[in-house]
Amino acid sequence: MSEPVTALKGASDTSGIAVVTELGPTGMITLRGDLSAKPVIKAAVTASGVTMPEKNHCATEGTGGLAWMSPDELLILCAYEEVHQRLADMQSRLAKIHALAVNVSDARALFQVNGPKAREVLAKLAPVDLAPDHFTPGMFRRSRIAQVPAAFWMPDAQSVRIICFRSVAQYVFDVLNVAAQDGSEVGYFNA
Amino acid sequence: MLNIHCPNCGVTAEETEFHAHGEAHLKRFGPGSTDDQFESYLFMRKNPKGVHFERWRHQNGCGKWFHVARCTMTLEVFGSYSAQTYTPPQEIIEKIQHRRPDWSAEAEAS
């Protein structure tokens with residue numbers, strides 16, 4: 001087996017108001033299908049190891065996770081080593097159902113922005129209301145980061161995780177670092 | 001800047017998260033139609049000053065299509081509704097008439 005390599009080889013920048021890190025290889029499976037169909041829900045829940053999230057939410061636990069991407073799409077997160085096994089298992093469960101499951105682990109990059117100002121860093125880049133009472137941990141939002149599509153959620157109040165396409169990983173890393181550069185606090189969410 | 005609501009994922013966001021794709025409720029004229037019908041289907045678009053129905057896509061979000069009713073002059077957005085309709089739903093027509101008492105769906109269609 002060849003060694004999995006992420007887009008930026010785990011680059012990290014700690015010089016700013018929040019720590020921007022590219023996280024290691026993560027297993028990601030895109031599942032499309034009728035999200036109200038029981039076999040689809042069951043396959044997704046089994047593969048991710050977490051409960052089915054509500055609309056515009058995600059459920060994460062350790063390396064496992066399940067995110068609501070659109071009315072007919074879910075994203076399953078798991079450990080990178082397990083993705084082939086979980087996908088094969090899912091595909092056998094969905095063999096008789098109109099659904100599609102694909103391994104997209106190597107097509108994406110995953111970032112974490114960590115620190116008390118993480119929310120502020122993201123708010124500079126995404127056209128989303130990130131006020132603490134509007135965007136809470138557990139919510140999942142697909143939007144854009146500056147000029148490229150991205151999806152993000154907050155595992156806890158101090159950190160943001162961002163998924164983007166691998167091809168724009170360097171751009172997202174750079175733009176996050178600009179937004180997080182030293183001395184650039186806005187202080188908007190402190191009140 | 002327009003604030004648009006996506007009826008598919010329930011997100012309300014500003015317009016840069018979406019993409020406009022032109023006039024809504026076009027009737028397709030394909031093989032077997034006359035040249036005039038085909039030309040008007042392909043090229044002839046309304047360009048109203050006022051109420052306009054458009055197709056939009058939630059480009060950077062859920063990726064789904066839907067319809068939006070808005071005013072091209074004041075940029076007021078009256079509402080959005082499912083892409084799986086041939087005509088604007090009554091609820092949207094009422095919202096428009098509430099804001100534009102002179103406007104009627106019949107006059108629009110002619």
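This report walks through a predicted model with chains A and B, looking at the chains and then at a few residues.

## Chain A as a whole

Let us start with the general build of chain A. Its secondary structure consists of four helices and 11 strands. Computed along the principal axes, in the sense of a computed span, the C-alpha trace covers about 55 × 40 × 25 Å. The radius of gyration of chain A is 17 Å, which agrees with the value near 16 Å that a compact globule of 191 residues would have.

How much of chain A is buried? The share is 50% of its 191 residues. For contacts in chain A with a separation of 6 or more, 61% are accounted for by residues 24 or more positions apart.

## Surface and charges of chain A

On the outside, chain A has an accessible surface of about 9,200 Å². Carbon and sulfur atoms hold 52% of that surface.

The chain also carries charged side chains: 17 are positive and 19 are negative in chain A. The centres of these two sets lie 7 Å apart.

## Two domains in chain A

Which residues make up the domains of chain A? According to the domain assignment, domain 1 takes in 12-24 + 107-179, so to speak in two pieces, while domain 2 covers 26-106. The contact between them takes 11 residues from domain 1 of chain A and 17 residues from domain 2 of chain A. The C-alpha centres of domain 1 and domain 2 of chain A lie 22 Å apart.

## A buried threonine

A:Thr30 belongs to strand β3 of chain A, which runs over residues 26-33. Is A:Thr30 buried or exposed? With a relative accessibility of 11%, A:Thr30 counts as buried, because the cut-off for buried is under 20%.

Leaving aside residues up to four places away in sequence, A:Thr30 touches A:Glu73, A:Leu74 and A:Leu75. A:Thr30 also touches A:Leu100, A:Ala101, A:Val102, A:Val104 and A:Arg108.

## Chain B as a whole

Now for chain B. This chain contains three helices and six strands, and from the N terminus on its elements follow the order β-β-β-α-β-β-β-α-α. Along the principal axes, the C-alpha atoms of chain B fill a box of roughly 40 × 35 × 20 Å. Chain B has a radius of gyration of 15 Å, which agrees with the value near 13 Å for a compact globule of 110 residues.

Of the 110 residues in chain B, 37% count as buried. Among contacts in chain B between residues at least 6 apart in sequence, those joining residues at least 24 apart make up 46%.

## Surface and charges of chain B

The accessible surface of chain B comes to about 6,700 Å², and 51% of it belongs to carbon and sulfur atoms. Chain B has 12 positive and 14 negative charges, with mean positions 4 Å apart.

## Two residues with positive phi

Where does A:Ala146 lie? A:Ala146 is in the chain A loop between β9 (140-145) and β10 (148-156). Its phi is near 50 degrees, a positive value in a residue other than glycine. A:Ala146 has a relative accessible area of 19% and is buried.

B:His25 sits in a loop of chain B, between β3 (19-23) and α1 (35-43). Although B:His25 is not a glycine, its phi is positive, at about 60 degrees. B:His25 is partly exposed, with a relative accessible area of 25%.

Terms used. Residues numbered from 1 in each chain as written. Chains lettered and ligands numbered in written order. Predicted model: local features only at pLDDT ≥ 70, side-chain atom pairs only at ≥ 80, totals over all residues. Heavy atoms only, no water. Rg over C-alpha atoms; globule rule 2.2 N^0.38 Å. Buried < 20%, exposed > 50% of the residue type's maximum accessible area, 1.4 Å probe, protein only. Contact = heavy atoms within 4.5 Å. Areas by Shrake-Rupley, 256 points an atom, 1.4 Å probe, with all protein chains shown as cover. Lys, Arg positive; Asp, Glu negative; His and termini not counted. Charge placed at Lys NZ, Arg CZ, Asp CG, Glu CD. Domains from an automatic or database assignment.
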